[in-house]
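Work through the exercises below with the structure open beside you. Try each task before reading its solution.

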Amino acid sequence: MAESSLVLTDVSKSFQHRDGFIHALSKVSFNVRKAEFVSVIGPSGCGKSTLLRLINGLRTPDSGSIVVNGLTPDEARQQKKFAFVPQNPALLPWLTVQQNVSLLNNLNSRAGNPGMAFSDQRQLLKRIGLGSFLNAHPWELSGGLQQRVCIARAFALKAPVLLMDEPFSSLDEITRTDMGYLLLKLWEHSGSTVLFVTHSIPEAVALSDRVVVLTPRPGHVTEIIPVPLSRPRQVSMEDSTAYHQTLTEVRATIAAECSS
Amino acid sequence: MSKTNHSARLTTNMQRARKLLLLIAPLMGVTVFLVSWEVYVRVSGIRPLILPRPSVVIGHIVEHPAFYWKHGSFTLLEASAGFFLAFFVAVFVATLMVHSEFMQRATMPVVVIVQSMPVVVLLPLFLLWFGFSPWPKIITAMLFTWVPFVTNALTGLRSVDTSTHELFKSVNATRWEIYWRLRIPNSLPYLFSAGRVCVGLALMGAVVAEFFLSKDGLGHTAYVAYSRLLVEQLWGSVIVLAFMGVTIVLLLNAVEQKMLYWHPSQHERNHPAK
């Protein structure tokens with residue numbers, strides 16, 4: 001069995017609210033193997049985004065433990081072991097596409113992770129169709145192209161763990177599908193571990209090796225469903241029986257949790 | 001083909017005409033204002049002591065360029081010094097406030113005190129402290145402009161996008177990196193906005209101080225004109241002051257357009273909706 005990249009054991013988190021405590025997560029436990037693509041899915045407010053922020057050390061769990069490649073989340077963050085992809089592209093409008101892609105590499109230079117070389121970044125941008133936009137600014141690009149820049153920025157960091165928080169939620173269906181397969185293409189060459197938070201069941205099944213289903217608040221893992229589709233993934237696989245069976249299984253699990 | 005070329009040429013000409021129109025728009029606005037004033041005085045027959053014709057006032061300025069240049073330079077220098085001093089102190093204070101809740105709580109009352117302080121009442125004190133040097137006027141100009149700068153700097157430094165802030169933190173960016181690469185560029189639109197307001201306030205501060213504490217500057221010339229009923233000089237000082245204010249704001253706008261090419265306000269300016 002492959003070595004684990006992420007190990008979460010009984011992770012719980014509550015927030016103080018003016019009306020009392022909100023229990024966001026309750027005893028969440030699962031592992032993600034190295035170079036594995038795992039999606040986390042669940043109804044709104046089940047703590048999916050909180051989970052990412054606990055893993056990358058931006059929040060501290062109330063109880064339980066998180067280990068990232070043998071390090072605590074804080075240590076991993078200090079060593080730039082994460083590439084975080086937020087819901088909106090979060091590109092700096094005063095920087096060009098190329099400068100935005102280099103941004104994370106240039107921050108916290110003491111971490112010892114210089115990321116991708118400048119020439120490789122340019123190659124990466126050309127590969128994903130941004131070759132003619134290197135000197136453009138984010139506001140000159142469509143939503144889909146901005147998201148491409150955002151993903152290129154994450155891969156340019158060459159971090160072993162990618163944490164993605166519903167990165168395609170604001171895109172239309174066609175662009176969303178394109179972006180999903182573009183992500184897979186880049187990931188298959190990178191060897192990094194991906195934890196992908198999404199609302200979309202088809203997206204989770206099409207992209208992942210396993211789908212972690214969370215219950216409504218407080219979120220805890222109700223089931224981890226393996227996706228029996230081979231790699232590399234093709235759009236045509238979305239017509240296969242295995243795809244549809246997994247889709248039905250994930251949907252039924254979520255429905256059962258929501259109704260209970 | 002020729003139809004397409006003709007249409008393209010027409011569009012280019014229209015764009016050029018639009019650019020030219022936008023360039024001369026401020027001049028046209030001022031001209032309309034002065035012409036209306038001139039017509040009103042001529043038609044109403046109002047006495048020059050109450051309101052002189054602008055042509056007479058401008059004639060006075062043209063006849064005495066060295067006089068207005070000398071006093072205008074004093075005012076401009078003092079107002080500029082007060083403006084930039086206020087800017088740098090405000091950015092420094094806002095930086096402390098944004099990084100420390102204690103500093104924010106400790107400084108906010110001081111901001112309110114400065115805002116509600118009757119600066120004019122303190123002018124004799126400034127004279128006692130600094131004598132007849134430019135400092136009382138610079139300090140007054142600074143006190144007039146500091147509050148808009150500090151409040152806008154604070155808002156700009158604070159209102160960074162949450163996702164972008166988290167992105168910086170996800171790679172453990174230092175406070176300095178977050179400040180220099182994210183907070184400062186983000187605060188520029190707020191600072192330019194404050195700057196436009198503060199140009200007028202700085203000039204006003206310098207003139208108020210000159211009114212009481214100086215033997216130079218447009219505030220002093222206006223005061224002398226007022227006490228001796230030199231109506232043309234009084235209005236001449238006011239018009240030169242207004243001209244200085246408009247020129248500086250236009251310069252500031254040009255700098256803003258260059259520096260904030262990325263901001264939505266400039267996209268609208270450069271590519272207005274049809």
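**Exercise 1.** How many residues of chain B are in contact with chain A, and how many residues of chain A are in contact with chain B?

Solution. The model is a predicted one. Step one is to count the residues on each side: 20 residues of chain B are in contact with 25 residues of chain A. Step two is the area. The two chains bury about 2100 Å² between them, and 64% of this lies on carbon and sulfur atoms. Step three is to find the main contributors on chain B: B:Glu166, B:Leu167 and B:Val171 supply 30% of the area that chain B buries against chain A, more than any other three residues.

**Exercise 2.** Find the salt bridges and polar contacts between chain B and chain A, then describe the side of chain B that touches chain A.

Solution. There are two salt bridges between the chains. One of them joins A:Arg59 to B:Glu166. A salt bridge requires the nitrogen and the carboxyl oxygen to be within 4 Å, and here the closest N and O atoms are 3.9 Å apart. Seven residue pairs between the chains are in polar contact. On chain B, helix 7 (162-170) and helix 8 (175-213) are the elements that give two or more residues to this side. Helix 7 of chain B has the largest share, seven residues. By type, the residues on this side of chain B divide into eight nonpolar, seven polar and five charged.

**Exercise 3.** Why can chain A be called as compact as a globular protein of its length?

Solution. Begin with the elements: chain A has eight helices and nine strands. The radius of gyration of chain A is 18 Å, close to the 18 Å given by the globule rule for 260 residues, so chain A is as compact as a globular protein of that length. Of these 260 residues, 55% count as buried.

**Exercise 4.** Locate two cis peptide bonds and two positive phi angles in chain A.

Solution. Start from the usual case: most residues other than glycine have a negative phi, and most peptide bonds are trans.

- The bond from A:Arg217 to A:Pro218 is cis, with omega near -5°; A:Pro218 is in the loop between strand 8 and strand 9 of chain A.
- The bond from A:Arg231 to A:Pro232 is also cis, with omega near -5°; A:Pro232 is in the loop between strand 9 and helix 8 of chain A.
- A:Asn108 has a positive phi of about 45° and counts as buried, at 4% relative accessibility.
- A:Lys158 has a positive phi near 55° and is exposed, with a relative accessible area of 55%.

Key: Residues are numbered from 1 along each chain as its sequence is written. Chains are lettered from A and ligands numbered from 1 in the order in which they are written. This is a predicted model: local features need pLDDT of at least 70, side-chain atom pairs count only at pLDDT 80 or more; totals for chains, interfaces and linings use all residues. Side-chain values use heavy atoms; hydrogens and water are left out. Contact means heavy atoms within 4.5 Å. Buried area is the accessible area (1.4 Å probe) that two parts lose on being put together, summed over both. A salt bridge is a side-chain nitrogen of Lys or Arg within 4 Å of a carboxyl oxygen of Asp or Glu. A polar contact is a pair of N or O atoms within 3.5 Å; within protein, one must be able to donate a hydrogen and the other to accept it, and residues adjacent in sequence count only if both atoms are side-chain atoms. Helices (H or I, at least four residues) and strands (E, at least two) are DSSP runs, numbered from the N terminus. Ala, Val, Leu, Ile, Met, Phe, Trp, Tyr, Cys and Pro count as nonpolar, Asp, Glu, Lys and Arg as charged, and the others, Gly among them, as polar. The radius of gyration is taken over C-alpha atoms; the globule rule is 2.2 Å times the number of residues to the power 0.38. Buried means under 20% relative accessible area, exposed over 50%, partly exposed in between (1.4 Å probe, protein chains only).
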